[in-house]
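Reader: Before I rely on any label attached to this model, I would like to ask what each label rests on. Could we go through them one at a time?

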Amino acid sequence: MLTREGFDVAGARDGIEALALLETQDPDVILLDIEMPRMDGFEFTKTIKADPKHGHIPIIMITSRTAEKHRNLAKELGVDLYLGKPFQEEDLLKSLREMLELV
C-alpha cells in the first residue's frame with residue numbers, strides 16, 4: 001500500500017533487524033507492530049527513543065492489541081500514533097502525510 005502511494009519503504013522482519021537497518025538508513029517515520037520476534041515493538045520503541053540519533057523519528061504502531069493498557073504504554077514510550085487492526089488505509093495515509101510535513 002505504501003509503495004503504491006509513492007512512499008519509499010524499507011522493511012525488517014523484527015526489531016533486531018530494524019535496529020541494524022537504522023545503522024545505514026535514516027527513515028522519516030517508523031511503522032511497527034507490538035508483536036515481533038526477538039524484540040517486540042515496545043522494546044524497539046524504548047530503544048529508539050533513548051537513542052539521540054534516532055529518538056526524533058515519529059513512530060506509528062499498528063497492532064491487534066487494542067486494550068487501553070497497551071495504548072497507554074505505547075504513549076509513555078513515545079509512540080506518536082497508535083492504530084488498532086484492522087485499520088483504515090486512508091487514516092494511516094492521512095496521518096503519515098501529516099507527520100511527513102513536519103519532518
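Reader: Where does proline 86 lie?

Author: Proline 86 lies in the loop between β3 and α4. Please keep in mind throughout that this is a predicted model. The peptide bond that joins lysine 85 and proline 86 is cis, with omega at about -5°. As background, most peptide bonds are trans.

Reader: What makes the phi of arginine 38 worth a remark, and is the residue buried or exposed?

Author: Arginine 38 has a positive phi of about 65°, although it is not a glycine. Most residues other than glycine have a negative phi. Arginine 38 lies in the loop between β1 and α2. Its relative accessibility is 62%, and the label "exposed" is given over 50%, so arginine 38 counts as exposed.

Reader: Why is glycine 55 called partly exposed?

Author: The relative accessible area of glycine 55 is 22%. Buried means under 20% and exposed means over 50%, so glycine 55, with its 22%, is partly exposed. Glycine 55 is found in the loop between α2 and β2, and, leaving aside residues up to four places away in sequence, it touches Ile48 and Lys49. The C-alpha atoms of glycine 55 and leucine 32, which are 23 residues apart along the chain, are separated by 15 Å.

Reader: Why is aspartate 8 called exposed, and where does it lie?

Author: Aspartate 8 has a relative accessible area of 82%, and since exposed means over 50%, the label follows for aspartate 8. It lies in the segment before α1. Its C-alpha atom is separated by 9.3 Å from that of proline 27, which is 19 residues apart from it along the chain.

Reader: How do you know which strands pair in the sheet, and in what order?

Author: Two strands are taken to pair if at least two bridges are found between them. Here 3 bridges join β1 to β2, and 4 bridges join β2, residues 59-63, to β3; both pairs therefore meet the requirement of at least two. Examples of facing residues are leucine 31, which stands opposite isoleucine 60 in β2, isoleucine 62, whose bridge partner in β3 is leucine 83, and threonine 63, which stands opposite glycine 84 in β3. The 3 strands form an open sheet in the order β1-β2-β3, with parallel pairing. The edge strands are β1 (30-32) and β3 (81-84), each of which pairs on one side only. On average, neighbouring strands of this sheet are turned by 15° against each other, with direction ignored.

Reader: What makes β2 largely enclosed by the rest of the structure?

Author: 5 of the 5 residues of β2 are buried, so the strand is largely enclosed by the rest of the structure. Both of its faces are covered, with Ile59, Met61 and Thr63 buried on one side and Ile60 and Ile62 buried on the other. Helix α2 (residues 41-49) lies across β1 and β2, and runs at about 175° to β2. In β3, Leu81 and Leu83 point one way and Tyr82 and Gly84 the other way, and all are buried.

Reader: Why is a group of residues called a nonpolar core, and which residues have the most contacts inside the largest one?

Author: The name requires buried residues of the nonpolar kinds, joined through side-chain atoms within 4.5 Å. The largest such core has 15 residues, and Ile30, Phe44 and Met61 have the most contacts inside it. The elements that give two or more residues to this core are β1, α2 and β2, and its largest share, 3 residues, comes from α2. A second, separate core has 11 residues, including Val29, Ile62, Leu83 and Leu93. In soluble globular proteins, nonpolar side chains tend to be buried together. Isoleucine 30 touches Leu22, Phe44, Ile48, Ile57, Pro58, Ile59 and Ile60, residues up to four places away in sequence not being counted.

Reader: What volume does the largest pocket have, and which residues lie nearest its centre?

Author: The largest pocket has a volume of about 700 Å³. It is lined by 25 residues, of which Val9, Ala10, Val29, Ile30 and Leu31 lie nearest its centre. The elements that give two or more residues to this lining are α1 (15-21), β1 and α4 (89-102).

Methods: Residues are numbered from 1 along each chain as its sequence is written. This is a predicted model: local features need pLDDT of at least 70, side-chain atom pairs count only at pLDDT 80 or more; totals for chains, interfaces and linings use all residues. Side-chain values use heavy atoms; hydrogens and water are left out. Axes are lines fitted to C-alpha atoms, for helices over the stretch in contact, and angles run from 0 to 180 degrees between N-to-C directions. Contact means heavy atoms within 4.5 Å. Buried means under 20% relative accessible area, exposed over 50%, partly exposed in between (1.4 Å probe, protein chains only). On a 1 Å grid over the protein atoms alone, a cavity is a set of points where a 1.4 Å probe fits but cannot get out, and a pocket is an open set with protein on both sides within 12 Å along at least five of seven lines; lining residues have an atom within 4 Å of a point. Grid points are joined across faces, edges and corners, and a volume is the space filled by probe spheres set on the points.
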